[in-house]
Structure formats: C-alpha cells, structure tokens
Protein chains: 2
Amino acid sequence: MTGWTATMIDADAEPVYAAIEAGGTKFVCALAHADGTLLERARFSTRGPQDTLAEARAFFDAAATRHGKPRALGIASFGPLELDHAAARYGRLLRTPKPGWHDADLLAPFATLDIPIALDTDVNAAALAEAHWGAGRDRDGGPLDSVAYVTVGTGIGGGAVLHGRTLRGLLHPELGHIHPRRHPHDHGFAGICPHHGDCLEGLANGPAIVARLGHELGDAAPTHPIWDIEADYLGQLCAQLALTLSPRRIVLGGGVMQHERLFAPIRARTQHWLSGYLARREVEAGIDDYIVPPGLGDRSGILGALRLAMAAEAQAKGSRLP
Amino acid sequence: MTGWTATMIDADAEPVYAAIEAGGTKFVCALAHADGTLLERARFSTRGPQDTLAEARAFFDAAATRHGKPRALGIASFGPLELDHAAARYGRLLRTPKPGWHDADLLAPFATLDIPIALDTDVNAAALAEAHWGAGRDRDGGPLDSVAYVTVGTGIGGGAVLHGRTLRGLLHPELGHIHPRRHPHDHGFAGICPHHGDCLEGLANGPAIVARLGHELGDAAPTHPIWDIEADYLGQLCAQLALTLSPRRIVLGGGVMQHERLFAPIRARTQHWLSGYLARREVEAGIDDYIVPPGLGDRSGILGALRLAMAAEAQAKGSRLP
C-alpha cells in the first residue's frame, strides 16, 4: 500500500478532511471541507474487517488524487470501541457480536496515511455534528455545550457531547442497555436482547417491534397499542437522560424515529416520568424543542466523522477546535 | 455588614480559602488551605435562609480576623440549584420543598466580600473532592477524569466529574429520581417520594427503609430481605450510571452507606443488571475497586467546596485549576 499520490492540487486550496462512518451494515467514506461540503462520497456494504477497511483505504487513495491529501481522518464507528489512548487495544472493536469484527483494528489500515486520526462512536460523533451543524445548536446558531444523540433502529445507541466534548469514561455510553420499567400492556413479550432480554434495546429496537407484530411498525394501525408502548420506553430513556447526563437537548434519530408521530407521545411520556420534578421550561412548556429529530437527517454520522477529523488536526497542532 | 477586617497577617502566608457545605439539615463553614488543611470550622443547624446565611457570613468575618482574607469562596449546596451563569436566577435554589428556601439567593450575602465565588451542588462538589483527594484517584494518586458520587441518606442524590469538570447541563444530575425496576419482594410498598412515589429515592432512601420496617436499617436482622432489596435498587443505579455517564469509579456515601455490608450485594446486583455487557475489567473482576466508599468520610462536601473556591480563584485569574 502506498502513501498519498502526489497531485497538481493547489497547496493553498481549502483544507480537505477524510471521514468514515463505519456502520454494522454499511460504510460511508467521504472527503469534505471544514464547512461540511462533501467533495466525494462512497457507500458500500460492511463485510469482514479486512475487505471493508481495504475498500475504505482504496477510496481515500483514489479520491486524494482528485482533491488533495486530507489533513486528518475521523472515524465514527459502531461499537463497543476501545477509546482509551493509554490502552494496548486502542482503536479496536471490543466484544461485538458482528461476525469477524471482534478485536478488529480500525486504525492500522490508515496508519500509512501519516495524518492525525480520531476515533469515536458513531453516536458520539453524531451528537458532535448535530451540536455544530444540526439540531443541537442554540438560538444564535452556536453549539449547545451538552447534547445527547440517540439512534433507534436495528439497535439502540446513544452518545453525547458534554462540556463541548464527546462523552468517554470507563467506556462510552451504552444507552440501549438500560432497563426501563415494563409497560403494563407489554408483559407478554420477553424482549430480544441476547445479553439482557428485556433491556431497552431488547424491547424497543426495530427487530423487537417486528418480533411482536410480525411486521414493521409503519404497517401498524394508528390505534395499535405498540405506538404507546414504544413511546413509553423511549420516554423513560429521555427522562433518565435528563436526570443523569442533564443534556440541553436530546436528538432522536434512526430508522424507527422516521415515524414522526412517535415524537409527541415520547415527549408526553418523558414528562410523565419526570412528573414536574425538573424545574426547567425546556422539559415543560418547551419540550417540543427539547426532544427533537436530527437536523442533519442521515448525514449526522459522516459529518460527525468530519468533526472528529477537524478535532484530530487541531489537537495535533496543539490547539483546540472552537 | 462590613468587608474583611484588616489584620496583621503576613501577606506572603499560604493562601486561605472559604468553603461552605450547605446542607438541608446542617451547614458547615470552613477556612482552609489549598492542601485541604482546615484552619477553622463551624457547624450549625439549617434554619431559614436569612438567619442561616447570616451566620455563615458572620463566621467568615470573624475567622478572617484570625487567618486572613480568603482568596475565594466555594459553596457546595443542596439543590436543585440554578447554576447557569447566564440565567437571571443564577445562584438561587429552585423548587425545593425545604420551607423558606425556594428561590433563596445563596450568593447575595457574600457579595460584599468582593472575592470570586463558585457554586455547585453538594454532590458534584463531593465528586470533585473525592477525585482529587479521596477514593476517585488513580493508581498514581492523580484524579480520575470521570468519577460519580452518590449519597444515600435522607435523600438520594448524585453528582459527577467528567472530563475533569463537574457535570452541568440543562440542570445538574438528579439521580435520585430515576425509576428502577421494582424488586419482586417489594411490590407491596408504594414508595415515599412526593413527586414520583416509587422512584429510586422513594424506594431506597433512609426514610423509605424506616417506612417499611418501622425502624432503622441497622436494626434489621442480617437475613432480612430489606438488605437484598436495598442492594438491588442501588445496583440498578450503578448499572445505569455505567451505561450512561460511564464513570471510571462510583463512590457511594451518605448515612445508609455507613452499613458497609451493603457494598458486596450492590456490586453483585450491578453485575447482574449489566450481565457482562460492558467488556471492562473494572465492572467484572475489578468491581471491588469500581464501587467504593468515600475516601474522605463525611468531609467530601466541605473539601469539595474548597476545590470550588480554588477553581473560582483560578478562573478569576484566567487560568484553570490543574
């Protein structure tokens, strides 16, 4: 594998960054400018780590001949991930059930690019992108200093920006595996999480809905109790987030949240579980602006990876991204 | 009210800081050095805000004549608190049921001291103190960058240091009001939280235990099911914390946690609710070092207030506390 091909591109041109959204189903790779303009993008299916990461690398090698060498690379990946720089396995997938990916090294295939690389979870990155460019901005258009992002789809995952940084600690948030109280009309369903059975993900992800109904949520009648059940579980999550992370906004994305009619009952159930305890307009009269859909649609992952790349460059220079 | 009395104290002497632990039952005031040495301390009962805050002010006015004018004041208070500097009610109590304290201004009585003042919740401050001086330190004695502190006593509250800063956002953590699943042997008890009934605080604080037993936890036989019930609810909290805030350590303090025999079953129930999902030694073989008692005993609140004072001074100088 070679380094970046030399090109005729003007060295004074606007900086270019490399971004990867590494999903369990598909990979998205892009070269982009710092303002979010995507210069070139590729999507392909996720296979084993070696083939998939090689395809990502080949994309960047080719795209760089057209747009110039990127300043840095950001990778927003499914997890769980080792994000601790001090750890021997930094940059690797942890115990994922995704075949072949356990212990896969996400960074090694890009090491010879010789540019700063930043890695984070897809949902932490999405929170970052939403805070800067999407639904996580304040009235003046600046980023809120704390934003939670939750995806409800094949899985349920969440990330957050707190104090302007993505949330990391012992590991990173794994919101899908908290245990909501069981809805009174849902006691017959055991849940489908292989680890926990009826944790939030096991009760409320897309496959759990299909397991109950035999069909997709969108095919359920508007009066079907599944809508209330789903909204209650996600409302419990939002209430728990408000009581623990205390974000200034919660962004709910992912395939299940494409059903916009879920937002109103989720907001109502969040208020039910909080019962007026948090004396904040945002979770009372202002809740329509507190629990919101993504502002970036399905681009929050790849744009989050772009923000990671920009942060990696800033850190390598010893500065910090504004 | 006058300013600080002029004294004969050497201006080159070690800096002195003022600290207040404002509790719902008692106030602790202290002058201290930056290393945690308490020069002088007073404890008194919490009455109405005017009397109580005046007594605190009088303590500092008198103590300063003996030890010199403090560089800054830190206040670690019961909540909920308005901590948003941009808010009109910054520094006031929010909707507290504590008679007379709703909307009380914690800062005004100290404004004429003309020194930097920092305010935070008692539990956020305790997390800060434990990270720097207590059970939240790493192997080398430095502060872990993320530590959660939970008090289980008359109420249940929690705070956290994340990325080296206390957690604030929409408000601040209100961990006591999450809803754990009901323990199978505890369905007969309705819970005592005036807002939520059977939220964590309503099920597991000291008064909830007394409401079930008719006596204190310490008088229950070691085989009484209350021990398992209490440990299960607190284990659910610890699991939820690990999945959301992802702290590197959880410190459990407060009156109920004086019963050290609770730690082992709490750790076991935390592992039960996580079911091996988080691939981290800290919550598996290393859990005895993950969920721990305070290293500072009952001094984490006042020492947290001292850290707040030191941070206020650093911020006023435009620097940041290491």
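Contact here means that heavy atoms lie within 4.5 Å. With that in hand, let's look at two interfaces in this predicted model: one inside chain A, and one between chains B and A.

**Inside chain A**

Chain A is assigned domain 1 (5-122) and domain 2 (135-294). Their centres, taken over C-alpha atoms, are 29 Å apart. On the domain 1 side, 8 residues are in contact with 5 residues of domain 2. Within domain 1, the residues that lose the most area to domain 2 are L83(A), D120(A) and T121(A), which together account for 54% of what that side buries.

D120(A) also has a charged partner: this residue forms a salt bridge with R168(A), with the closest N and O atoms 3.1 Å apart. The rule finds 1 salt bridge across this domain interface. By class, the domain 1 side that touches domain 2 has 5 nonpolar, 2 polar and 1 charged residues.

**Between chains B and A**

Here 47 residues of chain B are in contact with 47 residues of chain A. One of the salt bridges joins the side chains of E284(B) and R95(A), at 3.2 Å from N to O. Strand 8 (165-166), helix 5 (226-244) and helix 6 (263-274) of chain B each give two or more residues to the side that touches chain A. Helix 5 of chain B gives the most, with 3 residues. That side of chain B has 20 nonpolar, 14 polar and 13 charged residues.

**The interfaces in numbers**

| Interface | Buried area | Share from carbon and sulfur atoms | Residue pairs in polar contact |
|---|---|---|---|
| Domain 1 and domain 2 of chain A | about 570 Å² | 49% | 5 pairs |
| Chain B and chain A | about 4800 Å² | 53% | 30 pairs |

Note on methods
Residues are numbered from 1 along each chain as its sequence is written. Chains are lettered from A and ligands numbered from 1 in the order in which they are written. This is a predicted model: local features need pLDDT of at least 70, side-chain atom pairs count only at pLDDT 80 or more; totals for chains, interfaces and linings use all residues. Side-chain values use heavy atoms; hydrogens and water are left out. Domain bounds come from an automatic or database domain assignment. Buried area is the accessible area (1.4 Å probe) that two parts lose on being put together, summed over both. A salt bridge is a side-chain nitrogen of Lys or Arg within 4 Å of a carboxyl oxygen of Asp or Glu. A polar contact is a pair of N or O atoms within 3.5 Å; within protein, one must be able to donate a hydrogen and the other to accept it, and residues adjacent in sequence count only if both atoms are side-chain atoms. Ala, Val, Leu, Ile, Met, Phe, Trp, Tyr, Cys and Pro count as nonpolar, Asp, Glu, Lys and Arg as charged, and the others, Gly among them, as polar. Helices (H or I, at least four residues) and strands (E, at least two) are DSSP runs, numbered from the N terminus.
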